[in-house]
Amino acid sequence: MPTWFEYEFMRNAFVAALLIAPLFALLGTVVVSNRMVFFSDVLGHSSLTGIALGCLLGFADPLWAVAIFAVILAVLINFCKARTRASADTVLGVFFAVVVAVGIVILSKAGGFSKYSGYLIGDILAVNKGHLLVLGSLLGVVAVYWFFAANALVLMTIDQSLARTRRIPVFWLETSFSVVLALVVAVSIKLVGILIINSLLVLPVAAARLVSRKFSDYTCGAVIISVVSSVSGLICSYYWGTASGATIVLFSAAFYGVIAGISIFSKRV
Amino acid sequence: MPEHVYGACCTEIAGLDVSLGRIRVLENINLRLNCGELVAVIGPNGAGKTTLLKAILGEVAYSGQIRFSIRGSLRQDIRIGYVPQKLSIDYDTPVSVLDFVSMAVSSKPVWLRLSGGVKDKVHALLTEFSCQHLVKRKIGALSGGELQRVLLAAAMTPAPDLLLLDEPVSAIDAKGLALFYELVCDVRRKYDVSVLLVTHDLADVAPHADRMIFLKKKILAQGKPQDVLSDRDLLMTLGPSVWNISELAGFKIAVKEKDTHDADLV
């Protein structure tokens with residue numbers, strides 16, 4: 001048995017990586033296709049305000065405050081996007097600024113921000129059994145959601161008017177996806193880190209996109225790349241003594257680089 | 001449950017006004033689309049052609065009435081087939097023609113391996129629309145004409161009551177366009193469906209359309225294609241590229257002597 005597996009915190013982290021990786025890969029396929037990369041980044045950064053509100057309201061574990069705030073924010077952004085003529089980019093930029101600033105202001109007042117800086121880079125080794133249970137149930141929920149909603153989501157990313165003629169309630173579909181995404185981001189933020197969470201959504205999917213012609217390859221490729229880079233990143237971070245989240249991201253980036261290189265040389269892009 | 005009856009759908013538009021912001025885009029549009037009828041909408045850019053489609057799709061606010069009826073009784077839930085002008089997707093979007101059309105013929109999740117039965121259905125449908133050879137291509141990488149045929153195939157499954165086609169400005173080559181109109185003509189007869197076609201090409205659509213509507217905020221002319229196309233003053237508003245188009249379409253138009261210097265400019 002390898003040395004890293006002897007420690008309980010590493011075994012828990014290993015299970016967490018196996019749960020988070022497919023979650024992020026599945027959601028990432030729609031995040032990238034539906035051009036929601038900035039949106040998911042706003043959700044990630046909103047956890048600053050979520051943590052701050054959790055502290056103010058006296059939540060024992062800020063996780064739930066983060067999750068509730070992220071879900072409310074996701075719904076709010078969707079309403080604003082539907083009601084305004086400003087570009088989605090601008091709307092998101094405004095929300096991004098506000099959630100980051102509010103979070104930092106509140107957290108820095110109570111004796112310094114440094115207490116919370118761990119949230120920026122995350123710590124997957126600190127995961128406990130309860131957290132794993134939440135992640136596991138979330139994976140179950142997303143799998144069921146994906147089974148019923150994936151086709152509608154794909155059609156929505158292709159053309160919203162076309163999707164409406166096929167009786168897809170586009171607004172509510174987009175809102176439901178945003179809520180699921182907000183939950184997944186909120187629950188993983190402590191493990192992965194605010195600065196890194198978006199890379200996990202985007203990189204494996206971007207790599208799979210380079211070599212996929214059909215949606216099943218895209219989904220399958222993203223999940224495989226995500227799982228392989230999460231597991232190898234986690235194990236290497238143990239031996240290198242580096243932060244796990246960022247090491248995982250480097251592995252996904254390496255995947256992307258190698259696949260992009262191969263596809264440029266073989267002209268399959 | 002009785003089987004869905006095709007071809008008995010009629011669309012009636014009365015006193016339709018649409019404003020986008022402060023700009024009146026459509027004014028007092030009165031229009032009736034009968035089943036089995038192919039109506040072509042022409043007009044200059046910005047004339048409100050696409051807005052008319054969006055109003056029928058229920059995507060823009062309007063005043064006036066748009067009513068659908070099937071066999072004489074008013075209905076809200078008619079099935080609309082829609083072929084958009086273009087798709088706002090990236091070239092590398094990993095959705096194949098098979099994926100896209102399979103979502104029309106089956107509700108099986110597209111991220112799982114598709115069964116042989118679904119593939120057979122898709123193949124049969126694509127063959128009907130002369131695009132079976134495109135089955136493995138990515139939809140973002142299709143040419144304008146290929147994409148139109150694939151979109152049409154998907155729009156016809158399940159068979160709609162009303163078919164709306166928004167044609168791209170210049171993405172289709174002449175050969176692809178002729179094939180596309182033939183296919184539209186075929187499905188209109190086969191399914192007895194009413195078709196509203198927004199087009200920028202007058203020459204190729206004219207022989208196929210039952211009725212032509214010249215739209216520029218209001219309906220300036222409507223009737224048989226040869227009648228609408230023989231109104232030279234109207235056609236002049238479409239710009240130089242169509243000044244001679246009526247002749248290309250095979251409709252003889254007497255070009256008056258005094259206009260010949262205009263024609264030299266083309």
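Here are some worked exercises on a predicted model, most of them about chain B.

**Exercise 1. Get an overview of chain B: how many helices and strands are there, and what share of the residues is buried?**

Start with the secondary structure: chain B holds 10 helices and 10 strands. Next, look at burial. Chain B has 266 residues, and 40% of them are buried. Last, check how far apart in sequence the contacting residues lie. Take the contacts in chain B with a separation of 6 or more: 66% of them join residues 24 or more positions apart.

**Exercise 2. Find the domains of chain B and describe how domain 1 touches domain 2.**

Step one is to mark the bounds. Domain 1 of chain B covers 1–79 + 159–225, while domain 2 covers 90–157. So far, so good; now for the spacing. The centres of the two domains, taken over C-alpha atoms, are 24 Å apart.

Then look at the contact itself. Domain 1 of chain B puts in 14 residues and domain 2 of chain B puts in nine residues. On the domain 1 side, helix 5 (residues 174–191) of chain B gives the largest share, seven residues. Sort that side by class and you get 12 nonpolar residues, one polar and one charged.

**Exercise 3. Work out the strand order of the four-stranded open sheet in chain B, and say which strands stand at its edges.**

Read across the sheet: the order is 2-1-4-5, and the pairing is antiparallel. Now look for strands with a single partner. Strand 2 (23–33) and strand 5 (73–75) of chain B fit, so one side of each has no neighbour in the sheet. Neighbouring strands here are turned by 30° against each other on average, direction ignored.

Zoom in on one pair. Strand 1 (residues 9–20) and strand 2 of chain B run antiparallel and are joined by seven bridges. To see one of the partnerships, pick Glu12(B): its bridge partner in strand 2 of chain B is Arg32(B).

Finally, see what packs on this sheet. Helix 1 (residues 49–57) of chain B does, touching strand 1, strand 2 and strand 4 (63–70) of chain B, and its direction makes about 65° with that of strand 2 of chain B.

**Exercise 4. Now do likewise for the open sheet of six strands in chain B: what is the order, and where are the edges?**

The order runs 6-7-8-3-9-10, with mixed pairing. At the edges you find strand 6 (80–83) and strand 10 of chain B; each has a single partner strand, so one side of each is left free of sheet neighbours. On average, neighbouring strands in this sheet are turned by 15° against each other, direction ignored. Helix 4 (residues 144–155) of chain B packs on the sheet and touches strand 6 and strand 7 (162–166) of chain B; its direction makes about 170° with that of strand 6 of chain B.

Follow strand 9 (residues 211–216) of chain B to see the mixed pairing. With strand 3 (residues 38–42) of chain B, strand 9 pairs in the parallel sense over four bridges. Here Val39(B) has Arg211(B) as its bridge partner. With strand 10 (residues 218–223) of chain B, strand 9 pairs in the antiparallel sense over five bridges. Met212(B) stands opposite Gly223(B), and Lys216(B) stands opposite Lys218(B). One residue lies between the strands of this hairpin, and Lys217(B) takes a positive phi near 70°.

**Exercise 5. Trace the largest nonpolar core: which residues touch the most other members?**

The core has 158 residues, and Val101(B), Val150(B) and Leu197(B) touch the most other members. Ask next who contributes. Helix 1 (residues 8–33) of chain A gives the largest share, 14 residues, and domain 1 and domain 2 of chain B each give at least three. Then take Leu197(B) alone: beyond its neighbours within four places in sequence, its contacts include Leu38(B), Val39(B), Val184(B) and Val205(B).

**Exercise 6. Describe the contact between chain A and chain B, starting with how many residues take part.**

Count each side: 21 residues of chain A meet 24 residues of chain B. On the chain A side, helix 6 (129–158), helix 7 (160–165) and helix 10 (215–240) each supply at least two residues. Helix 6 of chain A gives the most, with six residues. By class, the chain A side splits into eight nonpolar, seven polar and six charged residues.

How values were computed: Residues numbered from 1 in each chain as written. Chains lettered and ligands numbered in written order. Predicted model: local features only at pLDDT ≥ 70, side-chain atom pairs only at ≥ 80, totals over all residues. Buried ≥ 20, exposed ≤ 12 C-beta atoms within 10 Å, placed from the backbone. Contact = placed C-beta atoms within 7 Å. Domains from an automatic or database assignment. Nonpolar A, V, L, I, M, F, W, Y, C, P; charged D, E, K, R; others polar. Pairing = 2+ DSSP bridges. Axes fitted to C-alpha atoms, helices over the stretch in contact; angles between N-to-C directions. Core = buried A, V, L, I, M, F, W, Y, C linked by C-beta atoms within 7 Å.
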